[in-house]
Amino acid sequence: MTSSMRALISGIGPEWVLREVPRPQPAPGQILIRNRAAATNNADLPMLAEADPTRGGHGNEFIAGFEYAGEVVELGDGVDGWQVGDQVMGSIPSSFAEYVVADQRFVLPRPDNLDPAVACALPTGLLTEHGSLTIAGFTAGQSVLITGASTGIGLIGAQLARALGASQVIGTTRTAAKRDLLKGAGVDTVIVTEEQDLTQATLDATDQQGVDVVLDHIAGQTFAQCLAATKIDGHVVNIGRLAGPTSAIDLDDLSYRHLTVHGVSFGFSRDQEMADVIAGLLPEVIPVVARGQIRPVIDRTVDLTEYQQAADRLRSGEAVGKLVLTMQDLDKP
Ligand SMILES: NC(=O)c1ccc[n+]([C@@H]2O[C@H](COP(=O)([O-])OP(=O)(O)OC[C@H]3O[C@@H](n4cnc5c(N)ncnc54)[C@H](OP(=O)(O)O)[C@@H]3O)[C@@H](O)[C@H]2O)c1
């Protein structure tokens with residue numbers, strides 16, 4: 001194993017820079033993983049911009065990326081339950097690199113049939129959507145509304161809700177062109193928000209009752225519209241804020257419907273909370289993934305050295321699903 005690795009660094013300028021940096025060492029309780037593929041997330045570009053010192057950013061250099069898939073190559077002291085050679089995937093900062101270290105509690109097993117270039121696009125969606133369904137007390141037979149079901153993680157949420165026995169999955173997109181994409185992810189009723197009123201369309205699809213659980217990736221006024229589209233005693237989970245973090249809500253919707261509102265930000269969860277979210281995922285979700293019932297939507301896959309293509313595509317706003325960066329062994333063809 002070499003003592004250095006290639007990684008994409010933020011905090012130098014407006015773009016990631018590919019550099020040779022020291023390979024991390026696993027501390028006690030950590031696992032060193034040879035990373036084979038990494039997927040992009042919505043947060044990657046804002047974090048790159050915030051770090052750009054040429055445009056007033058903080059200038060602190062860090063390895064970008066949040067999702068990886070590969071195999072275990074070294075165990076830190078005190079690690080149990082993992083072996084060198086185990087196939088793994090996960091969601092952890094500094095994933096745009098040939099090696100990542102992760103707390104052993106945060107690592108997910110990668111099913112044998114799942115190629116790293118596919119697996120790497122799953123962990124953030126799986127843990128965010130499953131963690132959100134769990135917080136909402138979701139059980140089989142309940143209905144789920146997913147706003148922004150066309151987002152990378154929303155597409156996983158739709159498949160997950162379907163696989164876990166949702167009675168009905170309703171999903172939104174702004175554009176009718178993505179109707180088939182959502183249907184393919186298991187969405188029963190697609191609401192095109194540029195053409196339809198979200199609240200009314202949801203009520204129409206649920207006998208005017210509303211849904212049991214909302215997974216909201218959009219926020220802004222969409223969040224307010226979700227409240228009136230939720231069943232009495234239902235749960236609304238805000239996950240993302242693509243349309244902005246503020247929303248003027250009608251408190252009558254909240255009170256008369258006896259709703260419970262949750263906010264989640266798993267990237268900023270305390271370690272034990274994250275460990276609990278992942279422990280909850282293992283028995284219920286990994287078998288579903290192994291059976292092929294959940295697959296990420298991947299917009300395109302490029303080699304790590306072609307990272308600028310991935311950044312440009314992400315910036316275009318036209319990507320559907322994830323961009324994947326693969327990391328080949330340099331000494332192999
Ligand atoms: N809470 C957590 O722990 C957590 C974890 C991961 C991600 N997130 C958040 O979840 C959200 C989704 O992340 P992602 O990486 O899956 O997103 P993504 O794949 O980049 O989502 C892109 C899609 O979002 C929709 N969209 C973008 N801007 C929008 C707007 N202003 N209004 C409505 N729709 C808009 C568009 O779909 P259409 O064109 O079809 O409308 C677009 O194709 C982000 O806000 C992210 O920060 C939260």
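This section describes the domains, the nonpolar core, a helix pair and several individual residues of a predicted model.

The domain assignment divides the protein chain into domain 1 (4–122 + 296–326) and domain 2 (125–267). Domain 1 is thus given as two sequence segments, 4–122 and 296–326. The C-alpha centres of the two domains are 28 Å apart. Seven residues from domain 1 and seven residues from domain 2 make up the contact. On the domain 1 side, the residues that touch domain 2 comprise four nonpolar, two polar and one charged.

The largest nonpolar core contains 94 residues. Ile33, Cys120, Val144, Ala158 and Leu325 have the most contacts inside this core. Both domain 1 and domain 2 contribute residues to the core, so it lies between them. Val144 can be followed further through its contacts. Neighbours within four places in sequence are left aside here. Val144 then contacts Ala161, Ala166 and Val169, and also Val211, Asp212, Val213 and Leu215. Of these partners, Asp212 is a charged residue.

Helix α3 spans residues 123–135, and helix α9 spans residues 271–290. Their axes come within 10 Å and cross at roughly 95°. An angle of 65 to 115 degrees counts as roughly perpendicular. The helices α3 and α9 are therefore roughly perpendicular to each other. From α3, the contact takes Leu126, Leu127, His130, Gly131 and Thr134. From α9, the residues are Val277, Ile278, Gly280, Leu281 and Val285. By class, this contact of α3 with α9 has six nonpolar and four polar residues. No charged residue takes part in the contact.

Two residues other than glycine have a positive phi, and they are set out in turn. In Ser94, phi is about 70°. Ser94 sits in the loop between β6 (87–91) and β7 (99–103). A residue is buried if 20 or more other C-beta atoms lie within 10 Å of its own. Ser94 has 22 other C-beta atoms within 10 Å, and is therefore buried. In Gln208, phi is near 65°. Gln208 belongs to the loop between α6 (198–205) and β12 (211–216). The limit for an exposed residue is 12 or fewer such atoms. Gln208 has 9 C-beta neighbours inside 10 Å, so this residue counts as exposed.

Helix α6, which precedes the Gln208 loop, also holds Thr199. Thr199 has 19 C-beta neighbours inside 10 Å and counts as partly exposed. With residues up to four places away in sequence not counted, Thr199 touches Gln225, Ala228 and Ala229. Thr199 and Gly210 are separated by 11 residues in sequence. In space, their C-alpha atoms are 8.4 Å apart.

Leu251 lies in helix α8, which covers residues 251–256. There are 8 C-beta neighbours inside 10 Å of Leu251, so Leu251 counts as exposed. Leu251 and Ala224 are 27 residues apart in sequence. The C-alpha to C-alpha distance between Leu251 and Ala224 is 9.4 Å.

Methods
Residues numbered from 1 in each chain as written. Predicted model: local features only at pLDDT ≥ 70, side-chain atom pairs only at ≥ 80, totals over all residues. Core = buried A, V, L, I, M, F, W, Y, C linked by C-beta atoms within 7 Å. Domains from an automatic or database assignment. Contact = placed C-beta atoms within 7 Å. Axes fitted to C-alpha atoms, helices over the stretch in contact; angles between N-to-C directions. Helix = DSSP H or I, 4+ residues; strand = E, 2+ residues; numbered from the N terminus. Parallel < 35°, antiparallel > 145°, perpendicular 65-115°, else oblique.
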